[in-house]
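The following exercises ask the reader to examine a protein and its ligand step by step. Each task is followed by a worked solution.

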Amino acid sequence: MSRKLAFVFVGIMIAVMLVTFFLVQELRHTIASSAGPALDVAVAIDSLIRKVVGLQTTVLFIIVLGACHLIATDRRRTKAISAQISNQTKKLLESKEKCQTLFDNTDALVFVLNTEGQYVTMNQYGLNYLNTSIKEIQHKYVEEHLGEKSAPRFRDDFRQALECGELTKSMEYLVIKGKECYVDLYMKVLKTGENEDPSILVIIRDVTQKKLFEEKLLQAEKLVSLGVLSGGVAHEINNPLGIIMGFCELLLEKTPKASEQHRVLSIIYKQSQQCKKIIEGLLNFTRLSGVENGHSNVLVPLHTVIGMLRGFLSKKGIELVLDLPETLPQTKANATAMQQVFLNVISNAMDAMPSGGTLRISAALRTKAPRQGDAHGTLPGTRQYIEINIADNGVGIPAENMNKIFDPFFTTKPVGKGTGLGLSVTYGLVTEYNGTITCQSPIMNGDQGESRGTCMTIRLPVAEE
Ligand SMILES: Nc1ncnc2c1ncn2[C@@H]1O[C@H](COP(=O)(O)OP(=O)(O)O)[C@@H](O)[C@H]1O
Ligand SMILES: [Mg+2]
C-alpha cells in the first residue's frame with residue numbers, strides 16, 4: 001500500500017517538474033523577445049521560477065529518498081512475513097506427518113467408515129493386518145473382512161454407535177480375515193460440516209494374547225489352589241503312612257523271609273514307599289516342607305547329582321557329555337533344592353532314553369535377560385543369570401503334551417513309575433528363586449539330521465552382593 005502511494009507521489013512530482021520545465025522554457029523565449037521594464041519583470045519571474053524548481057527538486061529528492069526507504073522497509077516486512085508463513089507451513093506439515101505416523105503405527109486397526117459402513121480411510125497397521133492397500137478398500141464394506149457370524153454382530157454394533165454417538169466393547173470375539181481373535185472395540189461418530197454426513201471412527205485392538213495370558217493365569221491360580229488343597233491332604237496322610245510303614249518294617253523283620261506273609265508285607269511296604277514319594281513330591285510342590293534361601297554355587301549340587309547317577313547312566317548305555325565351567329557366580333538358590341531340581345530333570349532325561357543315548361549337561365554365565373513371558377517363571381530385571389541346559393536325544397515330548405508337562409500329576413509313565421510331580425516340583429523350586437525353566441522338544445538340529453530329544457533350560461539370576 002505504502003509502496004503504491006510512494007510511486008503515485010513520485011509520479012505527481014515528476015509531472016509537476018515537467019510542467020514547470022516547459023513553463024521555464026516558455027518564459028525564456030518570452031524574456032529573449034522582451035525589452036525595457038518588461039525585461040526586468042521577465043528576469044524577476046525567471047529567478048522566481050528557478051527558485052521554485054530548486055525547491056521542487058529538493059522536495060522530489062526527499063520524496064524519492066523516503067519512497068526508497070518505504071520500499072526497502074516494505075520488502076523487509078514482506079520477506080519476514082513470507083519466512084514466517086513458510087515456517088508455519090513447515091511446522092504444520094511436520095505435525096501432519098507426526099499425526100500420520102501416530103495414526104499408522106498405533107497397534108490397532110484404526111479406520112473411518114461412512115454411514116453406509118464403507119471404508120473411507122485406514123491406518124497402515126490395519127492395512128498390514130488385513131493384507132490390503134488403501135486403494136483396494138475404497139468403497140468396500142467392512143463386512144467383507146469379517147467372518148460369517150462376526151459380520152452381522154459388527155453391523156449391530158455399528159448401528160448402535162450411529163444411534164448413541166459412541167460405543168465401547170471389550171473382549172469381543174471376531175473373525176477377521178479368517179483369523180479368530182478377541183478384540184477391544186471402540187466406535188465414535190465424528191461430526192463434520194452442517195450438511196455433510198457424519199463419519200464413524202472405528203478402533204479395533206487385537207487382545208487375543210492378553211486373553212490367552214489371562215486364561216493361563218486362571219489355570220495357574222487353579223493349580224495353586226489345587227496344590228494347597230492336596231498339600232494339606234498330603235500333610236495329613238504323611239503321619240499315618242509313617243506309622244503303617246514302621247509297623248510293616250517291624251512285621252517284615254519278624255516274618256520268615258520265604259513265607260507268603262513276607263511277600264505280601266513286602267508289597268505293602270513297597271507301595272507305601274511309592275505313596276511316600278508322592279507325598280514328598282506334593283509337599284515340595286506346595287512348599288509345605290519349606291524352601292530355604294541361601295547363596296550357593298549351582299555347580300555343587302549339579303556335580304553331586306551327576307556323581308550319584310553316573311553309575312546308572314553307564315549301565316543304561318547313556319553317554320554323558322559335560323560342558324561345565326570351573327566356577328560360576330553364586331545364585332540365591334538353595335543347594336538342596338537345586339539338587340532335587342537336577343535330579344528330577346536328569347531322571348526324566350534318563351527315562352526318555354530307555355535304550356541308551358547321549359545326555360548333554362552344560363552351564364554358563366549369561367548377561368542379557370531372556371525375553372519375559374516366553375518362559376515358565378520370570379527373571380525380573382535380571383542382568384546376569386546362570387543357564388543350565390540338560391539335553392537328551394530320547395523320545396521327545398509330543399506337541400500336545402508340551403503345555404502339560406509342568407502340571408502336577410501329569411505323567412505318561414506307567415502306574416508305579418511316574419508320579420507326574422517331578423517337573424511341577426522343579427517348576428515350583430526354580431520360580432521360588434526368581435528363575436525360569438523352559439523346554440524345547442524336539443531339539444532342532446538344523447541341517448545335522450533328524451530333530452529329536454528334549455532340552456530343559458534352567459535360568460537362575462546371579463545373586464547380588
Ligand atoms: N526329557 C524328557 N523327555 C521326554 N519326556 C519328558 C522329559 N521330561 C519330562 N517328560 C514328560 O513330562 C512328564 C512329566 O514329567 P514329571 O513331572 O517329571 O513326571 P514323571 O517323571 O513322574 O512322569 C513325563 O511323564 C514325560 O512324559
Ligand atoms: Mg519325572
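**Exercise 1: An unusual backbone angle**

Asn434 is partly exposed, with a relative accessible area of 42% (buried means under 20%, exposed over 50%, and partly exposed in between, with a 1.4 Å probe and protein chains only). This is a predicted model, in which local features need pLDDT of at least 70, side-chain atom pairs count only at pLDDT 80 or more, and totals for chains, interfaces and linings use all residues. Residues are numbered from 1 along each chain as its sequence is written, chains are lettered from A and ligands numbered from 1 in the order in which they are written, and side-chain values use heavy atoms, with hydrogens and water left out.

Task: State where Asn434 is placed and the value near which its phi lies.

Solution. Step one: Asn434 is in the loop between H10 and S9 (helices, H or I of at least four residues, and strands, E of at least two, are DSSP runs numbered from the N terminus). Step two: its phi is near 60°, a positive value in a residue other than glycine. Step three: most residues other than glycine have a negative phi.

**Exercise 2: The sheet**

Task: Give the strand order of the open sheet of five strands, and identify its edge strands.

Solution. Step one: the order is S6-S7-S8-S10-S9, with mixed pairing (two strands pair if DSSP finds at least two bridges between them). Step two: strand S6 (318–323) and strand S9 (436–440) are the edges, since each pairs on one side only. Step three: S8 (residues 385–392) and S10 (residues 454–461) run antiparallel and are joined by eight bridges. Within this pair, Asp392 stands opposite Thr454 in S10.

**Exercise 3: The ligand**

Task: Describe the surroundings of ligand 1 and the distances from its atoms to the side chains of Thr412, Lys413 and Thr454.

Solution. Step one: 18 residues surround ligand 1, and the closest are Asn348, Thr411, Thr412, Lys413 and Leu423 (a residue is near a molecule if one of its heavy atoms lies within 4 Å of it). Step two: an oxygen atom of ligand 1 lies 2.4 Å from an N or O atom in the side chain of Thr412. An oxygen atom of ligand 1 is also 2.6 Å from an N or O atom in the side chain of Lys413. For Thr454, a nitrogen atom of ligand 1 is 3.3 Å from a side-chain N or O atom. Step three: taken alone, ligand 1 exposes 530 Å², of which the protein buries 92%.

Key: Polar contact = N/O pair within 3.5 Å; in protein donor to acceptor, adjacent residues only side chain to side chain. Areas by Shrake-Rupley, 256 points an atom, 1.4 Å probe, with all protein chains shown as cover.
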